Amino acid sequence: MNIILLGPPGAGKGTQARILVEEHGMVQLSTGDMLRAAKESGTEMGDIVADVMARGALVTDDIVIGLIREQLNTVNANGFIFDGFPRTLAQADALTNLLAAEGESLDAVVEMEVDDDALVARITARSTCGDCGEVYNDNTKPQPADGKCSKCGASDFRRRADDNEESLRTRLMEYYKKTSPLIGYYYAKGMLTKINGLGEIATVKAAIDKALS
């Protein structure tokens, strides 16, 4: 099972991806994580990534596709979750071709829809554990009273500097401009399922499970 999770910043893609990883043995492929890991890997592809990043150059689609190919060939998983890729129609075509070449296919695309105002209210109250990434919210899931993460026990809680209303609305606009063509692309292929991303975690999980069944 290979899926793409679409949704604006803060829609909860990371939370749902972690659930899929834990419950189904899937692997989350985040572009940023792959680039950081490759840079430190010492592999041929890693050396290319390190050179590009050291020069401050743009990471090309070919490099990202190469990293994904590497994961498909070396990681034993019950499917992959694509997070942050594709972002353009060219990347979507490249991913389709790569999966076909590797004897794989894309099984579903889930778009986590949100109300912008509600999302801004949620994200400005968000904090995360600096060690394990567990997400907290001042209103719906406050940090534990003992000051320790409920998942890993660490006490390093962080808030993103750009988790403010002005920055969030700018990021939302960028997301919608870039992602709108992808929504149409996968809708036309009959692969797109839209769900309410602002529901309770368990409710959103159930909707994703239904989309994947």
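These exercises work through a predicted model.

**Exercise 1. The annotated lid**

Find the residues that UniProt lists for the adenylate kinase active site lid, and give the strand content of the span.

Solution.
- Start with the record. An unreviewed UniProt entry lists residues 126-162 under "domain: Adenylate kinase active site lid".
- Next, take the secondary structure. Residues 126-162 are 0% helix and 24% strand.
- Then check the two ends. The end C-alpha atoms of the span lie 11 Å apart.

**Exercise 2. A sheet of three strands**

Work out the strand order of the open sheet that holds β5, β6 and β7, and name its edge strands.

Solution.
- Read the order: β6-β5-β7, with antiparallel pairing.
- Pick the edges. β6 (135-137) and β7 (157-158) each pair on one side only.
- Look at one pairing. β5 (residues 126-129) joins β6 through three bridges, in the antiparallel sense.
- Locate a facing pair. S127 stands opposite Y136 in β6.
- Add a side chain. K141 lies over the face of Y136, at 5.2 Å from the ring centre.

**Exercise 3. The nonpolar cores**

Determine which helix gives the most residues to the largest nonpolar core, and trace the contacts of V109.

Solution.
- Size the core. The largest one has 31 residues. Among the members that touch the most others are I4, L67, F82 and V109.
- List the suppliers. Elements giving at least two residues each include β1 (3-6), α3 (44-54), α4 (61-74) and α7 (165-188).
- Choose the top one. α4 gives the most, with six residues.
- Trace V109. Leaving out residues up to four places away in sequence, V109 touches I4, L6, Y186, M191, L192 and T193.
- Note the other core. A second, separate core has 20 residues, including A11, L20, L119 and L172.

**Exercise 4. Tyrosine pairs**

Classify the ring pairs Y175–Y176 and Y185–Y186, then sort the four residues by burial.

Solution.
- Count first. The model has three aromatic pairs.
- Take Y175 and Y176. Their ring centres are 5.4 Å apart and the planes meet at 65 degrees, so the pair is edge-to-face.
- Take Y185 and Y186. Here the centres are 4.9 Å apart and the planes stand at 90 degrees, so this pair is edge-to-face.
- Apply the burial cut-off: under 20% relative accessible area is buried.
- Y175 is buried at 14%. Y185 is buried at 16%. Y186 is buried at 1%.
- Y176, at 29%, is partly exposed.

**Exercise 5. Placing G32**

Is G32 buried or partly exposed, and which helix holds G32?

Solution.
- Place the residue. G32 sits in helix α2 (residues 31-39).
- Read the accessibility. The value is 27%, so G32 counts as partly exposed.
- Set a distance. The C-alpha atoms of G32 and P181 are separated by 22 Å, and the two residues are 149 residues apart along the chain.

Methods
Residues numbered from 1 in each chain as written. Predicted model: local features only at pLDDT ≥ 70, side-chain atom pairs only at ≥ 80, totals over all residues. Heavy atoms only, no water. UniProt positions renumbered as here; feature names shortened; annotations may be inferred. Helix = DSSP H or I, 4+ residues; strand = E, 2+ residues; numbered from the N terminus. Buried < 20%, exposed > 50% of the residue type's maximum accessible area, 1.4 Å probe, protein only. Pairing = 2+ DSSP bridges. Core = buried A, V, L, I, M, F, W, Y, C linked by side-chain atoms within 4.5 Å. Contact = heavy atoms within 4.5 Å. Phe/Tyr/Trp six-rings, centres within 6.5 Å; stacked < 30°, edge-to-face > 60°. Lys NZ or Arg CZ within 6 Å of the ring centre and 35° of its normal.
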